[in-house]
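Work through the exercises below with the sequence and the model open side by side. Try each task before reading its solution.

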Amino acid sequence: MGAGISNFVIRWINFLTMLLGIAIIIYGVWMSTHHDSCRKSLTLPVLGLGASIFIISIIGFLGALKNNSILLWIYLILLCIILVAILVFTVLAFIVTNNGSGHRVQGLRYKEYQLQDYSSWFLKQLNNTQNWKRLKSCLVKSEDCNNLSKKYKTRKEYKSAQLNPIEAGCCRPPSECGYPAANASYYDLSFHPISSNKDCKLYKNSRTIRCYNCDSCKAGVAQYMKTEWRVVAIFNVILFVVLSMVYFVGCCARRNAAASTSNARKEVFRR
């Protein structure tokens with residue numbers, strides 16, 4: 001690839017990623033001022049990602065603009081570190097999310113989830129008392145369970161609903177308990193449970209208790225995290241391919257910059 005073409009491509013790619021980095025930083029600042037304490041936990045990672053993209057893009061842009069092989073070397077080293085990090089994270093994400101799936105229950109349009117089906121990493125994180133205490137407080141604040149009675153006004157509507165993993169695991173007792181549902185937010189707990197599952201005794205109709213202490217709720221969160229991680233992992237595969245192409249172009253630009261510097265020095269010695 002010619003020197004002019006490779007430098008042009010690197011300049012424009014890094015100019016666009018600089019804008020992307022600024023946009024991510026602005027979004028991170030917006031998150032810190034508009035979201036509750038649960039979602040604010042994502043603020044620092046978002047700001048860190050935006051700052052990293054911005055700094056690396058500046059180095060690459062200046063290196064290509066000035067045809068500076070040193071800056072392009074730094075740019076390529078940082079880009080290589082990012083590529084390795086993306087590859088490692090993606091492989092781990094696929095390994096961690098390999099296990100776990102829902103179970104069909106007769107008469108329901110959604111699946112129920114069991115905690116033991118998921119990877120040991122998920123089990124360790126969700127069974128950690130402090131982690132679950134924080135996650136549970138976020139689930140209570142989300143009002144997802146309390147809004148079910150507004151979405152499904154009759155028992156028939158509720159029975160035919162397609163609940164997501166968190167709604168299925170945290171907002172209601174497992175079907176094996178056999179509790180009759182009066183509506184989407186109230187179960188007849190005077191009925192003697194037909195299962196020995198401990199979640200049957202943990203479920204309460206209280207808005208702040210529900211099944212938030214149940215293993216079925218943890219399993220629902222695990223399924224939600226699994227889905228999110230899979231999406232991120234697939235995105236990372238695409239990102240890895242794109243950045244690998246950028247890395248190749250950057251190598252060409254660095255090689256051309258080094259050649260230009262070498263030729264300039266030879267020209268000086270000739271004079």
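## Exercise 1: Aromatic pairs

The structure holds 10 aromatic pairs. The model is a predicted one.

**Task.** Classify the pair formed by Phe-15 and Phe-61, and state where each ring sits.

**Solution.**
- Step 1. Take the geometry: the ring centres are 6.4 Å apart and the planes meet at 45°.
- Step 2. Apply the cut-offs: under 30 degrees is stacked, over 60 is edge-to-face, and the rest is tilted. Phe-15 and Phe-61 therefore form a tilted pair, given the 45° between their planes.
- Step 3. Place the residues. Phe-15 belongs to helix α1 (residues 3–34) and Phe-61 to helix α2, 46 residues apart, so the pair links distant parts of the chain.
- Step 4. Check exposure: Phe-15 is partly exposed, at 34% relative accessibility.

**Task.** Do the same for Trp-121 and Trp-229, then find the cluster they belong to.

**Solution.**
- Step 1. The centres of the two rings, Trp-121 and Trp-229, lie 5.2 Å apart with planes at 45°, so this pair is tilted.
- Step 2. Trp-121 is in helix α4 (residues 120–127) and Trp-229 in helix α10, 108 residues apart.
- Step 3. Trp-121 is partly exposed at 33%. Trp-229 is partly exposed at 23%.
- Step 4. One aromatic cluster takes in Phe-89, Tyr-118, Trp-121, Phe-122 and Trp-229.

## Exercise 2: Disulfides

**Task.** Describe the link of Cys-170 and Cys-217: distance, handedness and location.

**Solution.**
- Step 1. Start with the total: there are four disulfides.
- Step 2. Cys-170 and Cys-217 are joined, with S to S at 2.0 Å.
- Step 3. The angle about the S-S bond of Cys-170 and Cys-217 is 90°, and the link is right-handed.
- Step 4. The pair links distant parts of the chain, with Cys-170 in helix α8 and Cys-217 in helix α10, 47 residues apart.
- Step 5. Cys-170 is buried at 0% relative accessibility. Cys-217 is buried at 0% as well.

**Task.** Which hand do the links Cys-177 to Cys-200 and Cys-211 to Cys-214 have?

**Solution.**
- Step 1. In the disulfide of Cys-177 and Cys-200, the sulfur atoms are 2.0 Å apart. With -90° about the S-S bond, the link of Cys-177 and Cys-200 is left-handed.
- Step 2. Cys-177 sits in the loop between α8 and β3 (181–183), and Cys-200 in helix α9, 23 residues apart.
- Step 3. Cys-177 is buried at 0%. Cys-200 is buried at 2%.
- Step 4. Cys-211 and Cys-214 are joined at 1.9 Å, S to S. The torsion about their S-S bond is about -90°, so the disulfide of Cys-211 and Cys-214 is left-handed. Both Cys-211 and Cys-214 are buried.

**Task.** Why is Cys-80 in no disulfide by the distance rule?

**Solution.**
- Step 1. The nearest cysteine sulfur to Cys-80 is that of Cys-251, 8.9 Å away.
- Step 2. A disulfide needs sulfur atoms within 2.5 Å, so Cys-80 is in none.
- Step 3. Cys-80 is partly exposed at 33%, and Cys-251 is partly exposed at 24%.

## Exercise 3: Salt bridges

**Task.** Locate the partners of the salt bridges Glu-143 to Arg-207 and Lys-151 to Glu-167.

**Solution.**
- Step 1. The structure holds four salt bridges.
- Step 2. Glu-143 and Arg-207 meet at 3.3 Å, N to O. Glu-143 lies in the loop between α5 (129–142) and α6 (148–151), and Arg-207 in the loop between α9 (199–202) and α10 (215–270), so the pair ties together parts 64 residues apart in sequence.
- Step 3. Glu-143 is partly exposed at 30%.
- Step 4. Lys-151 and Glu-167 meet at 3.4 Å, N to O. Lys-151 is in helix α6 and Glu-167 in helix α8 (residues 165–170), so this pair ties together parts 16 residues apart in sequence.
- Step 5. Lys-151 is partly exposed at 46%, whereas Glu-167 is buried at 6%.

## Exercise 4: Helix α3

**Task.** Compare the expected span of helix α3 with the distance between its end C-alpha atoms.

**Solution.**
- Step 1. Helix α3 covers residues 69–96, which is 28 residues.
- Step 2. At 1.5 Å a residue, α3 should span 40 Å.
- Step 3. The end C-alpha atoms of α3 are 40 Å apart, which agrees.
- Step 4. At the start of α3, a side-chain oxygen of Asn-68 comes within 2.9 Å of the backbone nitrogen of Ile-70.

Terms used: Residues are numbered from 1 along each chain as its sequence is written. This is a predicted model: local features need pLDDT of at least 70, side-chain atom pairs count only at pLDDT 80 or more; totals for chains, interfaces and linings use all residues. Side-chain values use heavy atoms; hydrogens and water are left out. A salt bridge is a side-chain nitrogen of Lys or Arg within 4 Å of a carboxyl oxygen of Asp or Glu. Helices (H or I, at least four residues) and strands (E, at least two) are DSSP runs, numbered from the N terminus. Buried means under 20% relative accessible area, exposed over 50%, partly exposed in between (1.4 Å probe, protein chains only). The expected span of a helix is 1.5 Å times one less than its number of residues. A polar contact is a pair of N or O atoms within 3.5 Å; within protein, one must be able to donate a hydrogen and the other to accept it, and residues adjacent in sequence count only if both atoms are side-chain atoms. Rings of Phe, Tyr and Trp (its six-membered ring) pair if their centres lie within 6.5 Å; planes under 30 degrees apart count as stacked, over 60 as edge-to-face and the rest as tilted.
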